[in-house]
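Visitor: Hello! I would like a close look at one part of a structure, with the terms explained as we go.

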Amino acid sequence: MKKQKNLINLLLVLISISTYGQESNKEIRLSINAGITYSNMIGKGIVEESWINGYTPDCYTNSSASDVFILGKKFGIGLIKDLNKTFSVGLDLNYEEKGCKIPITHLSYLTSSNGSYELVEQEVNEKSNIKLKYLTLPFKFETRYKMIYLQSGIYGGILLDADDS
């Protein structure tokens, strides 16, 4: 059952729809983008030694937050400028949902009573479901040969909403 679920998740990640509203000999094309995001967070031992589990790590490296990835939506529009028959540049405006599920094993917090503070530490077994919504602006370079398209580029994003449940 788990292998089937992983295969279905992989297929969903690979599915991405990009349609072109203007596919003629014109130099500028309009694209409509839709797809699925498959995200997680990375950081130094984020599961065992992160602020969410009551620790303060020194720095972050490439470790997954958990084994559970979050599926989200991605959609937007874009403009593509043909430089010649082989190369083009493009600019998109997309809405993207990302996030992760982090297991929480340890909580530390301060309580206040009669003007004094007390550190409370508690062992728990819960998950933090972090959902992030972004508006992204990718700038991409595209090369094509017959029906094969290769894209690369950079992008910036603005966090629209963050929810931790």
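Visitor: What percentage of the residues of the protein chain count as buried? After that, please take me to Ser88 and its surroundings.

Guide: Happy to. This is a predicted model, where local features need pLDDT of at least 70 and side-chain atom pairs count only at pLDDT 80 or more, while totals for chains, interfaces and linings use all residues. Residues are numbered from 1 along each chain as its sequence is written, and side-chain values use heavy atoms, with hydrogens and water left out.

Of the 165 residues in the protein chain, 27% count as buried. Buried means under 20% relative accessible area, exposed means over 50%, and partly exposed lies in between, using a 1.4 Å probe and protein chains only. The chain holds 1 helix and 6 strands, in the order α-β-β-β-β-β-β from the N terminus. Helices (H or I, at least four residues) and strands (E, at least two) are DSSP runs, numbered from the N terminus.

Now to Ser88, which you will find in strand β4, residues 87-113. Ser88 is buried because its relative accessible area is 2%. Leaving aside residues up to four places away in sequence, Ser88 touches several others, including Arg29, Leu83, Phe141 and Arg144; contact means heavy atoms within 4.5 Å. With Arg144 there is also a polar contact between the two side chains, at 3.4 Å. A polar contact is a pair of N or O atoms within 3.5 Å; within protein, one must be able to donate a hydrogen and the other to accept it, and residues adjacent in sequence count only if both atoms are side-chain atoms.

Let us follow Arg144. Arg144 stands opposite Tyr149 in β6. Strand β5 (residues 116-145) pairs with strand β6 (residues 148-164) in the antiparallel sense, over 16 bridges; two strands pair if DSSP finds at least two bridges between them. Together β5 and β6 make a hairpin with 2 residues between them, and Lys146 in the turn has a positive phi of about 55°.

Phe141, another residue that Ser88 touches, brings us to the rings. The whole structure has 2 aromatic pairs. Rings of Phe, Tyr and Trp (its six-membered ring) pair if their centres lie within 6.5 Å; planes under 30 degrees apart count as stacked, over 60 as edge-to-face and the rest as tilted. Phe75 and Tyr95 have ring centres 5.1 Å apart and planes at 35°, so they are tilted. For Phe139 and Phe141 the centres are 5.1 Å apart and the planes at 85°, so that pair is edge-to-face. Phe141 itself is partly exposed, at 42% relative accessible area.
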